[in-house]
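Reader: I am a first-year student, and I would like one long, careful look at a single part of this model, the part where strands are paired and helices pack. Please explain each term as you come to it.

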Amino acid sequence: MHLSIKTKIAFASVSIIALVSAFIWNLMRAQEDLTQRMQEMILNNMAAMRVAEQIKYNFALYDNLVFRHLATKNPRLLVDKTNARENVMQWLQQMKSLAQTQTEKDLLIQIQEEMSGYEGENKALITTYSAKPLESKQGMFGKLKTAISGPAKGTTEEQLRSQRREQNISTISREGQTRLNTIYNLCDKLVDIARVKLEESEKSMEETLLTTRMSALTSGAAVVLAVSIVGFILSFNISKPLQNLLQGVRKVTSGQLNVELTVESGDEIGHLTHEFNTMIAKLKENQERLITETITDPLTGLYNLRYFQNQIKNEITRSHRYKHNFMLLILDIDHFKQFNDKNGHPLGNVLLKQIANLLKEALRQDSLVARYGGEEFVIILSETPLDGGKAVAERLRKQIEQAVFPGQDNMPGKRITISIGGAAFPKDASMAEQLIEKADKALYAAKSDGRNCVRWS
């Protein structure tokens, strides 16, 4: 077959164009298919992880509002509690729409069952707790301790009834905590299931990515050098963003949330990478907010009672290991009820915030300050001997006495004062409950001695 050079060049050009067009078309179809699969697998599973975290976060907020209502008896917190519960139910409904397996559906049913039991126990707790208010100066933890330990000799019938009521409170509170931990564990299982799906998606993506690369190499080998170069460029431009996204998925499935991928293109893969970054940022923000909400007091910004109870046990373990002493202080604002009656509760909240800030500024960074309930605060002075603890307590008392607070002119002596009770570990007690009880008794001794003073166990 005799063809001119011009015809051969034209035929070769048409052949190259046809091969390049077919190559590009195949790659685009593979890219679209892979993008669609990745969107279905990654976005759905990431959404399931975020919704499960939201369920856990809103239920933690719901539990926090219940205990804040018990501590402050603020009716507004009951309204907030109801709103938090409605948020939990909304996220549960969204999770049902995302659930694909029977295991996920069974976990959601268990969560709802545990929630029903938890709500019933909370109603019983609120009803029992409201039947007779606890003494404002004793503190919730000490009262529950008395309810568990049993009646003392010479206890009157009325006192026995009160102690039985407090024992009911302690029992219901423990059962509620057990259900709360169960709900947290069920939510974690939902997150784990989503992570397993992401791992499976990762394997599928690896296989699809390998197939795409092999197709690109095979097609490139079948054409001239120019077609091979075009194929290599296209393959590189597609596989690199996919590999980057795949590495991000691997980090998330291993539990890392400090992931931010570089958006290298404006196509579907670039859009998916952007959505991936946005979802990870929201998941990380929700996780950090959940941690903050569950360990801090919303009014003062200090740690809350539950966090303090965990930390004092950790401090005892650390002190045993390294043979260190530490001090526990419980302080109470003198005549706080009178302050609220004369100045109003909003100004009382301002006073609590100011004293909380003063305590944080006056103590070392390794000291722990928490709100114990109402107008009471607790302080853990790490690695502090008894003489040092006494000096710190007296310094705090003087700083509060000498500070200027709004509304103090309506108080006795026209000033704000505090009473402090202290106990030393291990000198006064070897267990957390005993140490708290000793410091609490010392606080009441300070109250009995006229207030504005420091007393030690």
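Author: An axis here is a line fitted to C-alpha atoms, for helices over the stretch in contact, and angles between axes run from 0 to 180 degrees between N-to-C directions. Helices (H or I, at least four residues) and strands (E, at least two) are DSSP runs, numbered from the N terminus. The model is predicted, so local features need pLDDT of at least 70 and side-chain atom pairs count only at pLDDT 80 or more, while totals for chains, interfaces and linings use all residues. Residues are numbered from 1 along each chain as its sequence is written, and side-chain values use heavy atoms, leaving out hydrogens and water.

Let us begin with the sheet, which is open, has five strands in the order β2-β3-β1-β4-β5, and shows mixed pairing; two strands count as paired if DSSP finds at least two bridges between them. Because β2 (368-373) and β5 (454-456) stand at the edges with a single partner strand each, one side of each has no neighbour in the sheet. Averaged over neighbouring strands, and with direction ignored, the turn of one against the next is 20 degrees.

Following that order from the β2 edge, we find β2 joined to β3 by five bridges in an antiparallel run, and G373 has E376 of β3 as its bridge partner. Two residues lie between the strands in this hairpin of β2 and β3, where G374 takes a positive phi near 65 degrees. On the next step, six bridges join the antiparallel strands β1 and β3, with D332 standing opposite E376 in β3. Strand β1 (residues 326-333) also pairs with β4 (residues 418-425), in the antiparallel sense and over eight bridges, and there L328 has A423 as its bridge partner.

Strand β3 (residues 376-381) deserves a closer look, since six of its six residues are buried, where buried means under 20% relative accessible area, exposed over 50% and partly exposed in between, with a 1.4 Å probe and protein chains only. In a regular strand, side chains alternate between the two faces of the sheet. In β3 both faces are covered, with E376, V378 and I380 buried on one side and F377, I379 and L381 buried on the other.

We can now turn to the helices. Two packed helices are described by the angle between their axes and the distance between the axes. For α10 (residues 345-362) and α11 (residues 386-402), the axes come within 11 Å and cross at roughly 140 degrees. That angle makes α10 oblique to α11, given that angles under 35 degrees count as roughly parallel, over 145 as roughly antiparallel, 65 to 115 as roughly perpendicular and the rest as oblique. The contact (heavy atoms within 4.5 Å) is made by I355, L358, L359 and A362 of α10 together with R395, L396, Q399 and I400 of α11.

In a second pair, α8 and α12 (residues 432-448) pack with their axes 10 Å apart, at an angle of about 110 degrees, which makes α8 roughly perpendicular to α12. Here F308, I312, K313 and I316 in α8 meet A432, E433, L435 and I436 in α12.
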